[in-house]
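Visitor: I'd like to be walked through this one at the bench, with a reason for every label you use. Can you show me the model first?
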Amino acid sequence: MAVSLEQRFQGSLLGLAVGDALGGRFEAQSAEHLRQRFSGVESLINYVTDEIWYTDDTQMTIALAEVLADQGEILEESLCAAFVGNYVPSRGYGRGARMVIEAMEEGEDYRAVASKYFPGGSYGNGAAMRVAPVGLFFHNDEAMLLEQARQSALPTHVHPLGIEGAQLIAAAVAYVTRSDEFKRDDFFRWLISLCQSEEYREKLTAASEIKSTEQLAGLGNGIEALESVPTAIASFALSPESYAETIGNVILLGGDADTLAAMAGAISGAHLGVDAIPKQLLGRLEESPKGKSYLLSLASRLFLKYQLR
Ligand code: F2R
Ligand code: MG
Ligand code: MG
Ligand code: MG
């Protein structure tokens with residue numbers, strides 16, 4: 001059945017949240033430990049029998065989607081206000097991100113705090129993990145896509161590798177949102193053509209050559225954008241027709257499991273639509289004030305704003 005554009009918007013936000021929430025159960029565990037515990041993706045999914053709660057990845061994505069749905073573009077002041085408004089430290093933020101958001105909260109010079117904490121800026125995956133709404137909203141406008149992804153990164157991530165990671169995840173989401181059919185070679189050719197650094201070009205080239213899930217680990221499972229963005233993209237490209245495989249295979253890598261699955265889930269959900277997320281997982285996603293129902297309505301709000309563009 002054809003997937004509507006609204007279902008893609010919903011699939012991406014919910015796919016991100018479910019991946020984040022499931023992966024969050026296993027953040028920082030080793031692949032070896034997870035392989036001992038679970039025989040494969042199916043046993044990992046069957047493990048979920050209670051409510052799953054999302055982490056900072058979804059929380060910051062919500063902030064970004066709210067700004068886009070309200071204003072139709074990322075404006076720095078509004079984005080910072082949304083980060084502060086959605087800030088719940090117990091959701092587990094990066095240590096640099098926490099300092100920067102707390103500086104925003106106090107009305108301090110957060111850019112100065114950010115560059116003092118990590119000279120040269122953060123190259124963590126925090127800008128990439130939250131950027132999916134930009135990919136959805138600007139899926140058919142390449143110039144805006146890249147510029148808005150950059151704008152969405154800047155308040156917390158000025159390091160070029162942090163920004164480029166966000167642009168690549170936004171581009172991956174945009175690609176699958178605008179085309180019904182997934183053409184793997186074309187997908188990688190386009191993403192590689194967007195790379196500004198040799199580091200990403202090399203990793204995405206390696207990602208494009210991967211033929212089995214066993215090879216995914218070689219791309220990385222770390223908290224740095226370069227160690228996780230290509231891995232998430234590769235996992236989607238290995239299993240484009242299965243949301244569960246896309247997120248399950250990266251969660252089983254261990255390390256930054258919530259963020260790998262959030263990014264991979266956002267791409268897969270945009271491609272397959274919300275109905276492709278297994279009910280067993282979606283049905284367990286938290287129903288807090290900004291839980292499952294809110295995310296669904298936020299995706300629809302973003303879609304409506306997109307239609308008015
Ligand atoms: N931080 C976590 N998880 C661990 C803590 C959770 C714990 N359970 C808790 O309750 O606190 N997860 C989240 O952080 C990642 C996204 O991070 P973000 O937003 O990029 O933050 P930050 O701090 O800017 O960067 C993350 C780390 O990357 C390293 N790093 C970045 N830039 C660096 C630089 N220029 N030099 C050296 N190191 C740099 C640092 O280790 C940063 O702490 C996601 O995984 C999200 O889920
Ligand atoms: Mg997280
Ligand atoms: Mg993480
Ligand atoms: Mg598609």
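Visitor: What makes the spacing T-D-D-x200-D a description of the magnesium ion (ligand 2)?
Guide: In this predicted model, T-D-D-x200-D is how the donor residues of that ion are spaced in sequence. Donors are N, O and S atoms within 2.8 Å of the metal (3.2 Å for Na, K and Ca), and water is not among the atoms, so sites may look incomplete. Thr55 (OG1), Asp56 (OD), Asp57 (OD) and Asp258 (OD) coordinate the ion at 2.0 to 2.3 Å, so they count as donors under the 2.8 Å limit.

Visitor: Which residue coordinates both the magnesium ion (ligand 2) and the magnesium ion (ligand 3)?
Guide: That's Asp258, and the two ions sit 3.6 Å apart.

Visitor: Are Asp56 and Asp57 buried or exposed?
Guide: Both are buried. Buried means under 20% relative accessible area, exposed means over 50%, and partly exposed is in between (1.4 Å probe, protein chains only).

Visitor: How are things numbered, and what is counted?
Guide: Residues are numbered from 1 along each chain as its sequence is written, while chains are lettered from A and ligands numbered from 1 in the order in which they are written. As this is a predicted model, local features need pLDDT of at least 70 and side-chain atom pairs count only at pLDDT 80 or more, with totals for chains, interfaces and linings using all residues, and side-chain values use heavy atoms, leaving out hydrogens and water.

Visitor: What is the mean pLDDT of the protein?
Guide: The mean is 97, and 100% of the residues reach 70 or more; pLDDT is the predictor's confidence in each residue, from 0 to 100. Among the elements, helix α7 (residues 110–117) has the lowest mean, 92, and helix α9 (residues 132–137) the highest, 99. Helices here are DSSP runs (H or I, at least four residues), as strands are (E, at least two), numbered from the N terminus.

Visitor: Which residues come nearest to ligand 1?
Guide: Gly96, Ser122, His157, Asp256 and Asp258, out of 23 residues around it. To be listed as near, a residue needs a heavy atom within 4 Å.

Visitor: Why is the pairing of Ser122 with ligand 1 called a polar contact?
Guide: A polar contact is a pair of N or O atoms within 3.5 Å; within protein, one must be able to donate a hydrogen and the other to accept it, and residues adjacent in sequence count only if both atoms are side-chain atoms. A side-chain N or O atom of Ser122 is 2.6 Å from an oxygen atom of ligand 1, so the pair qualifies. His157 brings a polar side-chain atom to 2.7 Å from a ligand 1 oxygen, and a backbone N or O atom of Asn125 lies 3.5 Å from one. Taken alone, ligand 1 exposes 920 Å², and the protein buries 74% of that; the areas come from the Shrake-Rupley method with a 1.4 Å probe, and for residues only the protein chains shown count as cover.

Visitor: Why is the pair of Phe38 and Tyr47 called edge-to-face?
Guide: Rings of Phe, Tyr and Trp (its six-membered ring) pair if their centres lie within 6.5 Å; planes under 30 degrees apart are stacked, over 60 edge-to-face, and the rest tilted. A search of the whole structure finds 16 aromatic pairs. The centres of Phe38 and Tyr47 are 5.5 Å apart and their planes are at 80°, so the pair is edge-to-face. Phe38 is buried at 5% relative accessible area, whereas Tyr47, at 27%, is partly exposed.

Visitor: What residues tie in the magnesium ion (ligand 4)?
Guide: Val176 (O), Ser179 (O) and His271 (ND1) coordinate it, at 2.4 to 2.6 Å, with the spacing V-x2-S-x91-H along the chain. Ser179 lies in the loop between α11 (160–178) and α12 (184–194) and His271 in helix α16 (residues 257–272), so the pair ties together parts that are 92 residues apart in sequence. His271 has 5% relative accessibility, so it counts as buried.

Visitor: What makes Ala28 stand out in its phi?
Guide: Its phi is positive, about 75°, although Ala28 is not a glycine. Most residues other than glycine have a negative phi. Ala28 is in the loop between α1 (5–24) and α2 (31–37), and with a relative accessible area of 69% it is exposed.
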